[in-house]
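Me: Hi! Could you walk me through a few spots in this model once it's up?

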Amino acid sequence: MSLDTPTLYLVATLVAAMLGAMLLYFGRQENIPALNWWGTAYILGAVSVALWSLGSAHLAETLSLALNAVGFVACGMMWNAARVFHGRKPSWVGLFLGAVVWVAAVMTVAPHAVALRMTIGAGIVAIYAGLTASELWSERRKTLQKRWPAFFVPLLHGFVLMLPILIGDLLAEGGSFASVWVTAFTVNLVLYAVGTVFIIFMLVSDRTVRAHKTAASLDPLTGMFNRRGFAEATARMIEREAAAGRPATVMIFDIDHFKSINDRFGHPAGDEVLKVFASVVTNSLRISDLSGRIGGEEFAAMVPCTIEEAVNAADRIREAFETCGIVVDDGPVVTTVSIGVAGGPAGTELDVLLASADTALYQAKRGGRNRVEVAREEPISLEGERRMAAAQAGAQHKPKVVRTGAEIVRA
């Protein structure tokens, strides 16, 4: 059983329209503007292709030209969907520019120059496709680089969207080859439309997962890393610095008398103090440094530098926080912080550095607060501790040598 050309196109365009409606539904449900753009582009493309394919022989020249222009607008919407997906503003000029160029070209080209019209149309679609791929490529991320189909789909989508209109001009000449090609192409169009939607949802899902991972690593009050995020980020820094043979230094901050601030001024004032201190730390450190909130009023930072440089940075933070001038109910809030600093050889684990810095922090607390203390002893890495333990165990099993006169006695 064979289907005639209008029926094949009708099936393909109905599938595209259904997928477009699905994209619009999920775009509104999940509040994702890019899905609305993609869905509208699907529906516009489906409508223009369907009307052209089913009624091209009976349409007036003006209406036929308008349907072609709508198809180019759909291509422009695919490009704008990629822009919106990556947080950029839509280009309204670019959205309609392709359609305007197409109308102007058709009005100036002779009616019998079908091949030239096809070339102009294909060129416009190719430009839109290149712009769409460029948007995805310029915003590429490590996770998306493994999903290469996401970059090639825009290059093909615009061409596939317009190809039925181009073939529609050739079908007027008839021929068995054209009929076979239309059948194969329509099936391909259905599969391609479904595959495109799958890739769109893949991109959206990837972004949602990354957003959730980022949220799980951040402290919602201060916007800094939480303990988990700080540990993951510093682990990468320690590995990178160890590969280069450079040390890393850790600082632990504890806001002095924070409980009394909450008791006297209330928890909103305490939250404001935490946010101000987070801002002081962020502004006082370099972009390459890492910082996070690892407890209630306890913060930490890792800086790839020597202990001396870290102490200078810690003292800048202490002075800036002391003079930040927080006022609650027309009364000043005393804001001071105690800081412990610890460093170690390249590759020292974070837990070891934090434990050493925490000891220095308690020394600062006992010493009167509002001061910076450095760990007195350089911490030993976990690997170093294992080696020392192994050496001590070996020494216990090593036979003792006792010298008595000229003889050597093994105990």
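Me: Lysine 365, buried or exposed?
Reply: Lysine 365 is buried at 16% relative accessible area, where buried is under 20%, exposed over 50% and partly exposed in between, with a 1.4 Å probe and protein chains only. This is a predicted model, where local features need pLDDT of at least 70, side-chain atom pairs count only at pLDDT 80 or more, and totals for chains, interfaces and linings use all residues. Residues are numbered from 1 along each chain as its sequence is written, and side-chain values use heavy atoms, leaving out hydrogens and water.

Me: Cool, which side chain does lysine 365 meet in a salt bridge?
Reply: That's aspartate 256, at 2.9 Å from N to O; a salt bridge needs a side-chain nitrogen of Lys or Arg within 4 Å of a carboxyl oxygen of Asp or Glu. The pair ties together parts 109 residues apart in sequence, because lysine 365 lies in helix α13 and aspartate 256 in the loop between β1 and α10. Helices (H or I, at least four residues) and strands (E, at least two) are DSSP runs, numbered from the N terminus.

Me: And how accessible is aspartate 256?
Reply: Aspartate 256 is buried, at 2% relative accessibility. Aspartate 256 also forms a salt bridge with arginine 369, with closest N and O atoms 4.0 Å apart.

Me: Which residues are linked in that network of salt bridges?
Reply: Asp254, Asp256, Lys365 and Arg369.

Me: Switching topic: where is serine 217?
Reply: Serine 217 sits in the loop between α8 and α9, and is buried at 11% relative accessible area.
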